[in-house]
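User: Please take a close look at the surroundings of the second ligand in this model, and then carry the description on to the helix packing and the sheet.

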Amino acid sequence: MKKLFVKTYGCQMNAYDSAKMADLLAPLGYAATDAPDGADMLILNFCHIRETATEKVYSELGRLKSLKAEKARDGGRMLLAVAGCVAQAEGEEIVARQPAVDLVVGPQSYHRLPEMIARAARQQGHALETDFPALEKFDSLPEPSATGVSAFLTVQEGCDKFCTFCVVPYTRGSEQSRPPQAILREARQLAGKGARELVLLGQNVNAYNGPSSDNKRWSLARLCDALAGIEGIARIRYTTSHPRDMADDLIAAHGENPKLMPYLHLPVQSGSDAVLEAMNRQHTSDDYRRLVERIRSRRPDIALTSDFIVGFPGESDADFQATLQLVRDIGYATAFSFKYSKRPGTPASTMRKQVPEELKAARLDELQKLLLAQQYAFDDSQIGKTVAVLFEKPARRDAQLMGRTPYLQPVHVQAGPEMIGRLAQVRIERRTANSLHGTLAGKGVLA
Ligand code: SAM
Ligand code: SF4
């Protein structure tokens, strides 16, 4: 067996793509290893969303180059590949900055890895694939070899929204939905291998508009209905959603499909209408408030999460205060927040009135304090309640398992390994910094 080391940095879709790359290389004799030393192939599957992510790939390559040289001294060969959005965006620049790289493969082209490896093995120099063949890759991917209790499943890729700060439309291409039949097939394979929860992935997942074999288009709500019928699947989640694509049938599904979890990641980025407009988000902060009201009218207990960017060019103190106000008005279960990062080629990168780094840092700190207080308040509101927990894996402490509530909160519970993959009623007793703790309650196992 040859050793394959894949390092992933980025969103859930990168994690999904890394697993697919490992499955694709298994028939060539590559088995995954968890250390880069002595590996026959190293893949860095990295994101490009913020500048720090891009710089990370170059510093990693600098480090891994010496492992490659070491292997060569011992008479072996290590192939070094860069994949993901960073490969798409940087392309030949990667090989120019780090000639030790053998392969550069974009997120729509990694199904071509086997032929690229063959080319590199024939010593024909570097192999570079960054085409955009619309979703062709999914037809070439093997069945998932293994899965956890919670499994990612890509249903949609790319984005046509062109928010002025974001590289995704340039690195992942235009919006494409996979056919529902292909998704259902993959979901059944995952369920057959032990998945109990499906996390449907897409850069704009709620824009899903899948071309069905009967020439009809399926919405995300319809897809979730069909997935709910698969034996073994107990929970369905989806991420990431755009506020403009929250269709009525999807909002209704949160009240009607019992397998659709009461959890929604609905990024708003800013609470200021001026900033939202400059970001090209195509909605106002009040549109967002009204949308949340409609969602909560169907599913009052839904846990909402969001992404925020502070220090977008031109963001004034009043704009930032509007973001804090929106956060107070909505009340989030948890959220991600970032300092605006200039991305080459995006319209915002050349906007005047860039915000100084110290001001961005101060605003981020203030926002994160508010969001953390809301997260703790939400977690505390679960204490004393009995909730359904799906157990995923052993926890770090002996005889404990880690599971998740319907609201995606991690919970630690004293339970035996036979409970992994099962749903059980758990009474929540306390919270620590990063998780809840509870005990198996009453009737115990649910399914
Ligand atoms: N499609 C999702 C949406 O519409 O909100 C977001 C996808 S993006 C991969 C994840 C998050 O990264 C965004 O929601 C945004 O908050 C953040 N992000 C994207 N570009 C950024 C930039 N240039 N600087 C800072 N954060 C950024
Ligand atoms: Fe990027 Fe999301 Fe905007 Fe698309 S909708 S451009 S992925 S932030």
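Analyst: In this predicted model, ligand 2 is surrounded by Cys159, Lys161, Phe162, Cys163, Phe165, Cys166, Val168, Pro169, Asn204, His242 and Arg281. Sorted by class, this shell around ligand 2 comprises seven nonpolar, two polar and two charged residues.

Turning to the helices, H1 (residues 12–25) and H5 (residues 113–121) have axes that come within 9 Å and cross at roughly 60 degrees. With that crossing angle, H1 is therefore oblique to H5. On the side of H1 the contact is made by Met21, Leu24 and Leu25, while H5 contributes Leu113, Pro114 and Ile117. The class count for this contact of H1 with H5 is six nonpolar residues, with no polar and no charged ones.

As for the sheet, three strands form an open arrangement in the order E14-E15-E16, and their pairing is parallel. Strand E14 (263–265) and strand E16 (334–339) stand at the edges with a single partner strand each, so one side of each of them has no neighbour in the sheet. On average, and with direction ignored, neighbouring strands of this sheet are turned by 10 degrees against each other. Looking at one of these pairings in detail, E14 runs parallel to strand E15 (residues 303–310), and the two are joined over three bridges. Within that pairing, His265 has Thr305 of E15 as its bridge partner.

Conventions: Residues numbered from 1 in each chain as written. Chains lettered and ligands numbered in written order. Predicted model: local features only at pLDDT ≥ 70, side-chain atom pairs only at ≥ 80, totals over all residues. Heavy atoms only, no water. Near = heavy atom within 4 Å. Nonpolar A, V, L, I, M, F, W, Y, C, P; charged D, E, K, R; others polar. Axes fitted to C-alpha atoms, helices over the stretch in contact; angles between N-to-C directions. Helix = DSSP H or I, 4+ residues; strand = E, 2+ residues; numbered from the N terminus. Parallel < 35°, antiparallel > 145°, perpendicular 65-115°, else oblique. Contact = heavy atoms within 4.5 Å. Pairing = 2+ DSSP bridges.
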